[in-house]
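Biologist: Could you take me on a close look at one part of this protein, the hairpin and what surrounds it, and then walk me outward from there? I am new to this, so please go step by step.

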Amino acid sequence: MPTFKIDGREIPFEKGETVIVAAQRAGIDIPHYCWHPGLSIAANCRMCLVEVAPPPGRPALMLNVLSYDPETGQYIDQQKPKLQPACQQVVAEGMDIRSDSSPHVAKARASVQEFLLLNHPVDCPICDQAGECRLQDYWLEHQGTAKRMHDEPVHKPKAQVFGPTIVYDAERCIVCTRCVRFCEEVAQDPVLSVRERGNVNEIVVAPGRELDNDYTLMTEHVCPVGALTASDFRFKARVWFLRSVRSVCQNCATGCNAYLDYDPRDGTIYRHRPRENMQVNKYWMCDEGMLDYQRAQSADRILEASIGGESVKIGSALDRAAELLKAADPNRTALLLSAQHSLEDNFALLELVRAVWPAMFSGGVTARLFATGRPAGKGDKILRHTDKNSNTAGVLSLTAPARPGNFAALCQAVDSGAVTSVLALASAVENEQSLASLAKLKALVLLGVWQGPLVDRAQVVLPAASWAEADGQFMNAQGMIQESEQAVAPAGQSRPAWKLAAALGVRLGQPIAWHSLEELRQSLAGRQAALPKVARSLQPGAVS
Ligand code: SF4
Ligand code: SF4
Ligand code: FES
């Protein structure tokens, strides 16, 4: 691999790479605002300037620069190296780049910072970006001086509503055009543009339009300062109080990698942010997915166990569930799995049923094994999948070679009398048309996260933890198994469905063979060894 040098350190690079990309891969951060690895190069902020030393024997490219001498009060004509933007400069073999080691670069970075802050309002105490703002960070790292301009700054529109999800503050904007490029290049909706020039320029929405495509929240995410804020998160939390776990979006089968941010002091979840994974979602998420964190703590969570609609202690509900299942006709009992639940939850239920009703798996397996999930929805060619469940492929992989029937098939089996009792892991069903059939069931034991049509029809309801409250693995539409970490404690009486399955197994006289998530995963891994090769992902994601 060819190499070049940054501050004397030898760095390998690939042909065509820019200095900033090769440096970042080697763990060297070159400060930047407008550059984003997923967007085209604009090279307009000039924060990434570096000095390019000439090849041996060639003169350096120099510029005549007027430099102010505070001691004499005079401007002095000086020769200085012409600096190049690292985001645009393509690397060549043997190139010698000076970044942190160059006094000219340090001066340029400080000057760019001062320039960007000239008209910037002193908004930090009330700005949602505070704590994760590049202007704050780079002021500390590269400037550190007080403001010298005491004139009235240029005033521009504040709190402009760009659309249902985004609010714009033109005074905070450094016109890096990341948001403009994102809309055009990724969302494929060029609804934003730059108006005017110089210090009066600002970002505007196309006449007659709102910023209302399916990826609007990403504009706030790529904004390196507090100019774009999300209506959903504005003024809700200070980021330094938040902690993050590596999560997987549950809103569709793409399985975008995300961070789930929560406040550990009260367990409130505040937002979903994309986590870089070049094989799945690159740097992005859609709006639905970014707002889907709300489902984890929504008002329709099942928080208590119930028998016949009456709230009870979870132990009593488990006892009653075991009674009903023991009394059920083993040849007419069905299992309903859920594409909304993790591999662990589904696997635990399958193992329980294998132990209690082995006949279900000898020959007649497809007749009494079903799976459900949310109905299909809108997809696109960017990220969104029409399957609105996070683990359809996972459920199918667990039941292979048998293919479980869908919810309509279960209802038909109930109608025909082939199924009279159901153990269900289900928080949603893909179609509600044939629900009336379930009235014929002698027993319906439900493990669920959210209220839904099955809850009213269940004799026993056991509250299951949401994905944000348990570690879990999900297989996306590409067949990649991805891990999602627990953020907060299970709400109310809820607990992970795999633990509920274990407790039920004990009461049914068939304690299952694992006592912890690790043991459960070992059994699951044994099962997965027989499956097609899958990729795993629990990567931290880089900062861009
Ligand atoms: S709003 Fe943010 S992302 Fe858009 S140009 Fe201004 S600073 Fe850049
Ligand atoms: S594309 Fe699907 S997985 Fe990705 S953020 Fe959107 S809803 Fe979530
Ligand atoms: S990052 Fe803005 S000019 Fe290079």
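Modeller: Happy to! Let us begin with the hairpin of strand 4 and strand 5, where four residues sit between the strands and glycine 73 takes a positive phi near 70°. Please keep in mind that this is a predicted model. The two arms of the hairpin, strand 4 and strand 5, run antiparallel and are joined by eight bridges. If you would like one pair to find on screen, look for asparagine 64, which stands opposite glutamine 79 in strand 5.

Now look at the open space beside these strands. Strand 4 (62–69), strand 5 (74–81) and helix 2 each supply at least two residues to the lining of the second largest pocket. That pocket has a volume of about 710 Å³. Its lining counts 23 residues, and those nearest its centre are Val65, Lys80, Lys107, Ala108 and Ser111. Which element gives the largest share of this lining? Helix 2 does, with six residues. Sorted by class, the lining of the second largest pocket has twelve nonpolar, five polar and six charged residues.

Helix 2 leads us on to a sheet. An open sheet of five strands, with mixed pairing, has the order 2-1-7-3-6. Strand 2 (9–12) and strand 6 (83–85) stand at its edges with a single partner strand each, so one side of each has no neighbour in the sheet. On average, neighbouring strands here are turned by 40° against each other, direction ignored. Helix 2 (residues 103–117) packs on this sheet and touches strand 3, strand 6 and strand 7 (96–98). The direction of helix 2 makes about 160° with that of strand 3. Strand 3 (residues 49–53) and strand 6 run antiparallel, joined by three bridges. Within that pair, valine 50 stands opposite glutamine 84 in strand 6. As you click along, remember that in a regular strand the side chains alternate between the two faces of the sheet.

Further along the chain there is another sheet to compare with what you have just seen. Three strands form an open sheet in the order 8-9-12, with antiparallel pairing. Strand 8 (160–161) and strand 12 (228–230) are the edge strands, and each pairs on one side only. Strand 9 (residues 166–168) pairs with strand 12 over three bridges, in the antiparallel sense. Here tyrosine 168 stands opposite leucine 228 in strand 12.

Just beyond, in the loop between strand 9 and helix 4 (178–185), you will find threonine 177. What is unusual about its backbone? Most residues other than glycine have a negative phi. Threonine 177, although not a glycine, has a positive phi of about 65°. Threonine 177 is also among the residues that come nearest to ligand 1, together with Cys173, Cys176, Cys179 and Cys223, out of 14 around that ligand. By class, the shell around ligand 1 has twelve nonpolar residues, one polar and one charged.

Ligand 2 has a shell of its own. Around it are Cys249, Asn251, Cys252, Gly255, Cys256, Met285, Cys286, Gly289, Leu383 and Arg384. These divide into six nonpolar, three polar and one charged.

One more backbone detail is worth a stop. Most peptide bonds are trans. The bond from alanine 400 to proline 401, however, is cis, with omega near 5°. You can find proline 401 in the loop between helix 9 (392–399) and helix 10 (407–416).

Let us finish with the enclosed spaces. Rolling a probe the size of a water molecule over the atoms shows where empty space is left. How many cavities of 30 Å³ or more are there? The count comes to five. About 140 Å³ of space lies in the largest cavity. It is lined by 16 residues, with Ser342, Asp345, Ala465, Ser466 and Trp467 closest to its centre. Strand 23 (472–475) and helix 12 (497–507) are the elements that give two or more residues to this lining. Its classes come out as nine nonpolar, five polar and two charged residues.

Definitions and conventions. Residues numbered from 1 in each chain as written. Chains lettered and ligands numbered in written order. Predicted model: local features only at pLDDT ≥ 70, side-chain atom pairs only at ≥ 80, totals over all residues. Heavy atoms only, no water. Near = heavy atom within 4 Å. Nonpolar A, V, L, I, M, F, W, Y, C, P; charged D, E, K, R; others polar. Pairing = 2+ DSSP bridges. Axes fitted to C-alpha atoms, helices over the stretch in contact; angles between N-to-C directions. Contact = heavy atoms within 4.5 Å. 1 Å grid on protein atoms, 1.4 Å probe; cavity = no way out; pocket = protein on both sides within 12 Å on 5 of 7 lines; lining within 4 Å. Points joined across faces, edges and corners; volume = space filled by probe spheres on them.
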